Each structure stands twice: as C-alpha cells, then as structure tokens.
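Me: Please take a close look at one part of the structure shown below, and then work outward from it to the other parts that deserve attention. I would like a connected account in which the reasoning behind each assignment is kept visible.

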Amino acid sequence: MKIDPKEYIGKAIFVTATNTDVGKTYACEKLLNYFANANLKVGYFKPIETGVKNNTPADGSKMFELVKKLNKEFEKLSIDDIVPYQFTLPASPYVAKGNKYIEIEFLKEKKEYLQTFCDVLIIEGAGGLMVPIKKDFFIIDLIKEFKSKAFLITPSKLGSINDTLLSIEALKNRNLDFEFFINLYEDIENFEKISKPFLEKYFLELNFLQDL
C-alpha cells in the first residue's frame, strides 16, 4: 500500500502493535522520515513510556532527537512535552504509575498542542492494544479518544496469524480506522512458508513496514 502524504495533513497517526517489542519505535522512525521526505512538517508524541532509566525515556528521547532534525519547530519543546508520563517500572502504565494519576484530558490537550507545530503527528503507544492505562481504560481506548487513525504493527514470527487477527478484531470492534503493517524482523524465512500463505489469501494484499 502506498501512503498518500496529502491525506494525512492535519491528522495524527497512532502507532500501535500486537504486543511489546514488535517494532513501534522503528515504525515511528520510518513514518517520520517518510512524511518529512514528502515535505511535510512532522511531529512525535509518546504519551506514556515505562521502563525509564536515569530519568531518560529511551524511545521517546530517540524519536525527539530525530524529529528536531526534521522539524525545527520541535526545538522549542522539551522531552516532557513529548513524553509527559514517564515511569521507571517496565510494566503496563496501570501498574507502572503506582499511586500517580494519568489524566486522559491532559493527554488530549497535549496532543492538540503538539499538532500546532506540525502537519502530521506520529503518536507511539505502549505495548499492545489491550495494555491497561486504568482499570477499565486501555491503549485502544486512547486511540479512540485521540480520534486518530491506527497503524497496527504486526510480527513475522510463528504465531503472527493469531496475533494479527485478534488485534484487527479488537480495532474493528471499537470502530477504529486502521491499517496494518507486517514488520519482517524475526523468523523471516519461516514467515514465507508458515504464515504468509494464509495471510496473503485472507487479506489479498499485505503491507510491509520495510516498504515504507
């Protein structure tokens, strides 16, 4: 699938995945460069990052440095604007936050604020779709609150069929607009033999993250 940059002017893309360590940050990097190469001003937002060491959110900081090179407007901002909630425990936000409160309205306001600096805002989620932020509020609910299109990143390893279909069912059940991209990063040779034949038949067309 060829992404038309013009279709995303003034919009936000929420990069999510079937699970943790599937390639969300890598996807954000690809998308930031893709839209920047199309002469759009890009922006980046990671509402919540867990597993933060030495007061430095690794994923958020890496993407912040990149986006500042691509869009000088972001030099006016700080890492606390880009990653407003930072927690040290490498767990779901609900667990990692401890006694702290995550305010969804604040995150929505921060998203709107960051969009004033760019043409297209790339938002990176935490973990997979059903990672809890509150007892009854999940990453998938945050996508809906943000009114963003979801880009679902799926794996190439054994089990990717199940992970992909379950995540797509969840997005459909929330009536969310989405595309999905397979990240060919693990067990690629077996993916061609084990998973691709069904996925190709089921979806007719497959989109690969590496093609962006």
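Reply: L204 counts as exposed because its relative accessibility is 74%, a value above the 50% over which a residue is called exposed. The model is a predicted one, and in it L204 belongs to the segment after α9. The backbone of L204 has a positive phi of about 70 degrees, although the residue is not a glycine. Most residues other than glycine have a negative phi.

Positive phi values occur elsewhere too. N54 has a phi near 55 degrees, again in a residue other than glycine, and N54 sits in the loop between β3 and α2 (58-70). With a relative accessible area of 73%, N54 is exposed. K147, which follows α6, likewise has a positive phi, near 55 degrees.

From L204 one can step back into α9 itself and to a cavity that this helix helps to line. The second largest cavity has a volume of about 30 Å³, and its lining consists of L165, I168, E169, K172, Y202 and F203. Both α7 (160-173) and α9 (196-203) supply at least two residues of that lining, with α7 giving the largest share, 4 residues. By class, the lining of this second largest cavity holds 4 nonpolar and 2 charged residues, and no polar ones. Helix α7 also contains N162, which counts as partly exposed because its relative accessibility is 45%, a value between the 20% and 50% limits. The C-alpha atom of N162 lies 9.7 Å from that of T18, although the two residues are 144 apart along the chain.

The structure holds 2 cavities of 30 Å³ or more, and the largest of them has a volume of about 40 Å³. The residues around the largest cavity are F14, P47, I48, E124, G125, A126, I139 and L142, and they divide into 6 nonpolar, 1 polar and 1 charged. I139 and L142 lead on to helix α6 (residues 139-146), which is mostly covered, with 6 of its 8 residues buried. The buried residues of α6 are I139, I140, D141, L142, I143 and F146.

Two residues of α6, I139 and I143, reappear in the surroundings of T16, whose contacts beyond four places in sequence also include K24, G127, G128, L129, F151, L152 and I153. T16 lies in strand β1 (residues 11-17) and is buried, with a relative accessible area of 1%. Two other residues of α6, L142 and F146, are touched by L107, which, beyond four places in sequence, also touches F45, P47, I48, P84, Y85 and I102. L107 is, together with F35, F74 and I122, among the residues that touch the most other members of the largest nonpolar core, a set of 68 residues. Helix α1 gives the most to this core, with 7 residues. In soluble globular proteins, nonpolar side chains tend to be buried together.

The largest pocket encloses about 400 Å³ of space. Of the 21 residues that line this pocket, T20, D21, K24, D59 and G127 lie nearest its centre, and the elements giving two or more residues to the lining are α1 (24-37) and β3 (48-49). K24 and G127 are also contacts of T16. The lining of the largest pocket is made up of 7 nonpolar, 8 polar and 6 charged residues.

The cysteines complete the picture. The sulfur of C28 is 13 Å from the closest cysteine sulfur, that of C118, which is too far for a bond, since a disulfide requires two cysteine sulfur atoms within 2.5 Å. C118 is in no disulfide either, as its nearest cysteine sulfur, that of C28, is 13 Å away. The count by this rule is therefore 0 disulfides. C28 counts as buried because its relative accessibility is 0%, and C118 is buried as well, with a relative accessible area of 11%, both values being under the 20% limit.

Conventions:
Residues numbered from 1 in each chain as written. Predicted model: local features only at pLDDT ≥ 70, side-chain atom pairs only at ≥ 80, totals over all residues. Heavy atoms only, no water. Buried < 20%, exposed > 50% of the residue type's maximum accessible area, 1.4 Å probe, protein only. 1 Å grid on protein atoms, 1.4 Å probe; cavity = no way out; pocket = protein on both sides within 12 Å on 5 of 7 lines; lining within 4 Å. Points joined across faces, edges and corners; volume = space filled by probe spheres on them. Nonpolar A, V, L, I, M, F, W, Y, C, P; charged D, E, K, R; others polar. Contact = heavy atoms within 4.5 Å. Core = buried A, V, L, I, M, F, W, Y, C linked by side-chain atoms within 4.5 Å.
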